[in-house]
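Here is a short tour of one protein model, arranged by topic. Please keep the sequence and the 3D view open as you read.

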Amino acid sequence: MTLSLAGPWILHSALGEAIGPASIPGDVHSALLAAGRIPDPLIRRNEADIQWVGNAEWEIRRRFTVEPAAMAGKWAVLDLDFVDTFATVTVNGFAVGTCESAFLRYRFDVTGALRPGENDIAIRFRPAEAEGHARAARQPFPIPWSASNNRIADLNMIRKPQCHAGWDWGPCIMVAGIYGEPRLRFFDNARIEHAVIRQEHDADGHVAITADVELAAIRNATIPVTFTFGKETVSAEVEVTRAQGGAATLSLTLYRPELWWPAGQGKQVLHDATVSIPGDRVERKVGLRTVELVAEPDDAGVSMFFRVNGRDIFAKGANWIPADALPSRITPERIRRLLAEAAAANMNMIRVWGGGFYEFDAFYDACDELGLMVWQDMMFACSQYPSTPDFLAEVDAEVRYQVKRLASHASIALWCGDNEIIGSLNWFEISRRNRDRYLVNYDRFNRVIEAAVLDSDRERRFWPSSPSAGALDYGDAWHNDAKGDMHFWSVWHEGKDFEHYYDVRPRFCSEFGFQSFPTMAAIRRFAEPAQWNVTSPVMEFHQRDRAGNSKILETMTRYFRMATGFEGFVYLSQLQQALAIETAVRYWRSLKPHSMGALYWQLNDVWPAVSWSSLDYYLAWKTLHYHARRFYAPVALAARIEGERLVVSGLSDLASPIGLVARIQRVALDGRVLAEETVEAELPPDRAVEMGTFPAEAGDEHFYVLDARRRGELAYDPNLRLVVLPDKPKRFDLPLATLAIEAFPKRPGTFALSSDRPAFYVKPEAAGFNGAFDDASFLLLPGEKRTVTFRSYDGRIPGLDDVSVLHLADTYR
């Protein structure tokens, strides 16, 4: 039997004052906001006014009823996870347990504390900041923390999401609370601690399915364990003891079952799996597949790519950060929506970055269903970490728990030890001066993670860090493109032109990015019109990269004419972000199989902000996301100008060969076609082919339009269109095109766009409506019509008068 303790609790201050309801799962800040005690910390500059909340103690309480029959002869266990972070739990005045990590599950025996009828539970949270300082003071030598990101020192001492102390894309909000469903569970003699479903495939397509089951027990007993996978069932009996529990391994074989594939490669077939004992059961949805990280020496260095079911996969995706700065707002619906938008942009991989959470079950369930492979970082990022016995014991327990919790998911493709800790050895003066000490410290720490991962999951590869050139290689993976995964930040952090992406040939780029402002719809929700200025106090407050707005402006002056208004500036900031990332991805995809992965930074936002995201905080598509849908398409073009030649490549992620026809047109600014060539090529499975080189005349009075279609099809696919300008956009006197918008009375929300002159990067918008158009930021030539449909998130559909269209030349008017 399970009694859920989710729902309304009461928040109390440290002195016992009842503040008001606290919805659990949820956080203290959200309860204070609901009670009117604090303003919304995510809008205006309110974050600065709520810092006191994280430095106070808080307590949540509730009353619940237990029927006498439910307790009779049962083992009562309080089941808690996602407890953030330092908490003491009491039931009916009895202390039943303490929590000290947001990344562990806690199961407290409350049999002796419960009573029939009404019961009281209280959970008291201590400030995490003070605990971090205290632990830092006990270290045998200083452990540097990420001062460039965190606004609170020593968060690397405690097991709490590191971004809660602030990052270069997020606020400092030191939340506390319980983000998983608290449950009171009643068992007979034993409970299931872990149930990991493993799989081993043979050359004939047969799959051995194994359930590794770990049990905890209240008394010595013989426990029947049953494992069901699809229609197959196997059982065993296990002897358990109160001291050590027990374990069982149950196996069965499936003969050529349907396999799970990443998005774009096949179906995401999931099978029902259940492990049960009397009084407890674990249910899973399991996809059957093989997954390998291939890192082998070759002529260029060392390869790096994922192989699924024997097929080499180019990883296309983005980096994931927590879905909200306020955990109360992280719902399964929000998680699913974010991941669905990633899949809609033709992504097949998400990297869970190491400065946030091991995500909720809803995240991995959605990735399984959507075919999104998961690169899973362990939750360590950008700081050094202790190697003391007590800290390493905590790390070991955390990693073992999380790997066993997640290993049954088909979507998990890789376990990675951390984010950027190898590189951080060179960031801090103290570790630069004594690199040997801090390198040994890191090695001890990283080896504990590796051992815990490999002991807990025999199927997947462990990758030591990101970026990394591989095991025991502590070199510069930011600039070495010959092996391992690369974080390439020279365009953003060093201010290099977008064309600098052509200077590197990464084997796998797991981070690269460029910032932009959020959508105007988002800006309207966190800033009043008086603040709609790039250097206004509110706009600068919502930019956490210290020189971020300056970099956006400086880059804009290199590529574009300055916009005449703020909305035009926002449009340009998003366009240049999209063009930067598109430059990298199309080129790197053209290098297949040398380059086999591109995960841009970042998919989502934790608050409304100027950031690297392609989806803003309110889940609207920024221009980058529209471009991503095209540059991550299964079949696409890549083109770049080299000297006086235009180099055109065909890209395919498909498992079968295809014939591709490409048309290259040189077009005048008034829309006249000045020259045209057509070329065909056979694209092998999952490969890129250079289709040809063509004359590329310099100048500012023409541009190139590349269209493509599959051989045998009559019409060119508008989603495959690619525009190449022979110079930077600011050099061109773009025509002041006039666009027409036509509505379809029988198709509400669908509109046809046309233009009297070439209109570049056309972007339809519906101000005041919650949703996004299905296409944007495209070229419209005279005589063409482009149909777009508004995808409403709340059922409201814009009419003709609600739709406006912006294009590049409009920003200069």
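Let's begin with one residue pair: Leu3 stands opposite Leu184 in β15. Strands here, like helices, are DSSP runs numbered from the N terminus (E over at least two residues for strands, H or I over at least four for helices).

This is a predicted model, so local features need pLDDT of at least 70 and side-chain atom pairs count only at pLDDT 80 or more, while totals for chains, interfaces and linings use all residues. Residues are numbered from 1 along each chain as its sequence is written, and side-chain values use heavy atoms, with hydrogens and water left out.

**A four-stranded sheet**

- The pair Leu3 and Leu184 belongs to the antiparallel pairing of β1 with strand β15 (residues 183-187), which runs over three bridges; two strands pair if DSSP finds at least two bridges between them.
- Both strands sit in an open sheet of four strands, ordered β1-β15-β6-β10 and paired in the antiparallel sense.
- Why does one side of β1 and of β10 lack a neighbour in the sheet? β1 (2-4) and β10 (106-109) stand at the edges with a single partner strand each, so one side of each is left free of a neighbour there.
- On average, and with direction ignored, neighbouring strands of this sheet are turned by 25° against each other.
- As background, strands of a sheet pair through backbone hydrogen bonds, either parallel or antiparallel.

**An enclosed strand, β45**

- Strand β45 (residues 759-765) is largely enclosed by the rest of the structure, because six of its seven residues are buried. Buried means under 20% relative accessible area, exposed means over 50%, and partly exposed lies in between (1.4 Å probe, protein chains only).
- β45 runs antiparallel to strand β47 (residues 778-780), and two bridges join them. In that pairing, Val762 has Phe778 of β47 as its bridge partner.
- β45 also pairs with strand β49 (residues 804-806), again in the antiparallel sense, over three bridges. Here the bridge partner of Lys763 is Leu806 in β49.

**Two helices side by side**

- Helix α14 (residues 566-590) and helix α15 (residues 623-631) have axes that come within 8 Å and cross at roughly 20°. The axes are lines fitted to C-alpha atoms, for helices over the stretch in contact, and the angles run from 0 to 180 degrees between N-to-C directions.
- That crossing makes α14 roughly parallel to α15 (under 35 degrees is roughly parallel, over 145 roughly antiparallel, 65 to 115 roughly perpendicular, and the rest oblique).
- Which residues of α15 meet α14? They are Thr623, Leu624, His627, Arg630 and Phe631, and the α14 residues they meet include Gln574, Leu575, Ala578, Ile581, Val585 and Arg589. Contact means heavy atoms within 4.5 Å.

**Cysteines**

- How many disulfides does the structure hold? It holds zero, where a disulfide is a pair of cysteine sulfur atoms within 2.5 Å.
- Cys163 is in no disulfide, and its nearest cysteine sulfur, that of Cys172, is 10 Å away. Cys163 counts as buried at 7% relative accessibility.
- Cys416 is in no disulfide either; the nearest cysteine sulfur is that of Cys382, 12 Å away. Cys416 is buried, with a relative accessible area of 0%.

**Backbone points to check**

- Most residues other than glycine have a negative phi, and most peptide bonds are trans.
- Cys382 has a positive phi near 65° without being a glycine. Cys382 lies in the loop between β30 (373-377) and α6 (389-406), and is buried at a relative accessible area of 4%.
- Asn346, not a glycine, also has a positive phi, of about 65°. Its place is the loop between α4 (332-344) and β29 (349-352), and Asn346 counts as partly exposed at 24% relative accessibility.
- Ile24 and Pro25 are joined by a cis peptide bond with omega of about 10°. Pro25 is in the loop between β3 (18-24) and β4 (26-27).
- The peptide bond from Trp601 to Gln602 is cis as well, with omega near 10°. Gln602 is found in the loop between β35 (597-600) and α15.

**Around Arg281**

- Arg281 lies in strand β22 (residues 280-286) and is partly exposed, with a relative accessible area of 47%.
- Leaving aside neighbours within four places in sequence, Arg281 is in contact with Ile192, Thr274, Val275 and Ser276.
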